[in-house]
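Visitor: I am new to this structure and would like to understand the reasons behind the words used to describe it. Could you take me through a few of them?

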Amino acid sequence: MRAETDGNPAGAGGTSPRVVVVGGGVAGLTAALRLLDSGADVTLLEASDRLGGKLRTGEIGGVRVDLGAESMLARRPEAVGLAREAGLADALQPPATASASLWTRDALRPMPKGHVMGVPADPASLAGVLSEEGVARIAEDRTLPRTEVGEDIAVGEYVAARVGREVVDRLVEPLLGGVYAGNAYRISLRAAVPQLFAAAREHTSLTEGVRAIQARTAADPRTDPVFMGIDGGVGRLPLAVADTVRARGGRIRTGTPVTGLARTPGGWRLTTGAPDAPEALEADAVVLAVPAPRAARLLAAELPAASADLAEIEYASMALMTFAFRADEAGLPQGSGFLVPPVDGRTVKAATFAGRKWRWIAEQEPGLHVVRTSVGRHREEEILGRDDAGLLALARRDLKAATGVDAEPVDAHVTRWDQGLPQYPVGHLARVARIRDQVAKAPGLALCGAAYDGVGIPACVASATEAARQVMAARPQGDPASGSSGHAGE
């Protein structure tokens, strides 16, 4: 099927470079918007019947909620700036509370203060989360010889060597798991926590490095929110960007999978549609804003080395179980929710008390508590083989054990993100550099999205902005449309 073909045929009959963006998540939509800003004639193709990728909203018990990412890092300007540009400035909203807990050692314990991705400056701050032996082990960091990190090292390997495995297992793991759904003993320190990687190179002691990071932060205090949500859900963002793309003359087609990509004398040819009814589109440039495995398949013929590296990028699957409980039947603890260290052997890895965290949720129906729980880590995905009823039952079991809530939900929903989160293992940045070196050999082609420079929304927006800049900078001099015929998407 094809849908959402509205939009003005920008560049028709003119000399605007024709660019096709493949992928309708927030990265692809941002790339399309930036290309339009640069004067390109843009068509965006999305294989599925909806836009937004991992950002989407839905309803639970009549309450609109996010069924994907629920917040954006606001200390980076890209995502919040995009929301404002797309007309959502008045909808931006910080969390009502950011006071999270750890569910560990059979109790909800306040999240320790004064750490950088779980690494403390003061061992005493982790009392209660760590054993007495674990707290004492942190102090040894000051007397240990330097731990060489080379060009990269796993977060867990380095932190455990400096301050002990308990810090990794009970604090670093749940914090990193909330971002990557990965394993701290595989995740790249350089890619995932670059400030700690820099500290590891500058300081012998890790806790000394953390204190230096905190001192720099204290010297430039900020009062603006660390995170930001959107009234009505972060899932509104890609739809608002899509509306802006159309308003500026871009074309958007959903239900249009791209099955082939080949270079031509004047640019690129894309094959779309079903195998029995293919369609060829010509373009001067292409931006691939799709997961790495799909990019690998599309580049296999033209850039086999880049394709091979893209195919090596692994992904984690996860599921989100969202519940609506009657507030008078389900008393929740204070705070925004809790993280769960894998070492404690629980099924859920996190829970968010969404109605407590976001005012706009609570205001829709004060008589309901909305709770989000998640499961699934990299290479620990067998739990996801259960059906929806089984996942909901497991989540309710853990929620009861953590909070005491034993009420029947008014409504519940399971959202599955199969192969949804790219992994950043040791060597990830070197792999990305190799991919980009190969892609640079094919002018008029760029990649963007969560697989490269960060999985958060701001990083994806920045990646897309740079991809748009690259393909526009590489366009031929003179008539940008020379060498190809027809307009992509028409």
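**Surface, core and helix**

Guide: Gladly, and please keep in mind that this is a predicted model. On its surface, Leu-73, Val-226 and Phe-227 make up a nonpolar patch, whose accessible area together is about 220 Å².

Visitor: Why does Phe-227 count as partly exposed?

Guide: Phe-227, which is found in strand β11 (residues 227-230), has a relative accessibility of 40%. Buried would require under 20% and exposed over 50%, so Phe-227, at 40%, counts as partly exposed.

Visitor: Why is Thr-30 counted as buried?

Guide: Thr-30 lies in helix α1 (residues 26-37), and its relative accessibility is 0%. Because buried means under 20%, Thr-30 at 0% counts as buried.

Visitor: What does Thr-30 touch, leaving aside residues up to four places away in sequence?

Guide: With those left out, Thr-30 touches Leu-82, Val-241, Val-461, Ala-464 and Thr-465.

Visitor: What makes the approach of the Thr-30 side chain to the backbone oxygen of Val-26 a polar contact?

Guide: The side chain of Thr-30 reaches that backbone oxygen of Val-26 at 2.7 Å, and a polar contact asks for N or O atoms within 3.5 Å, one able to donate a hydrogen and the other to accept it.

Visitor: How does the span of helix α8 compare with the expected one?

Guide: Helix α8 (residues 206-219), with 14 residues, reaches 20 Å from its first C-alpha to its last, which is close to the 20 Å expected. Its buried residues, among them Leu-206, Val-210 and Ile-213, pack against β9, β10, α3, α4 and α7.

Note on methods
Residues are numbered from 1 along each chain as its sequence is written. This is a predicted model: local features need pLDDT of at least 70, side-chain atom pairs count only at pLDDT 80 or more; totals for chains, interfaces and linings use all residues. Side-chain values use heavy atoms; hydrogens and water are left out. Helices (H or I, at least four residues) and strands (E, at least two) are DSSP runs, numbered from the N terminus. Buried means under 20% relative accessible area, exposed over 50%, partly exposed in between (1.4 Å probe, protein chains only). Contact means heavy atoms within 4.5 Å. Patches are made of residues with over 30% relative accessible area and no salt bridge: like charges are joined within 9 Å, nonpolar side chains (Val, Leu, Ile, Met, Phe, Trp, Tyr) within 5 Å. Accessible areas come from the Shrake-Rupley method with a 1.4 Å probe; for residues, only the protein chains shown count as cover. A salt bridge is a side-chain nitrogen of Lys or Arg within 4 Å of a carboxyl oxygen of Asp or Glu. The expected span of a helix is 1.5 Å times one less than its number of residues.
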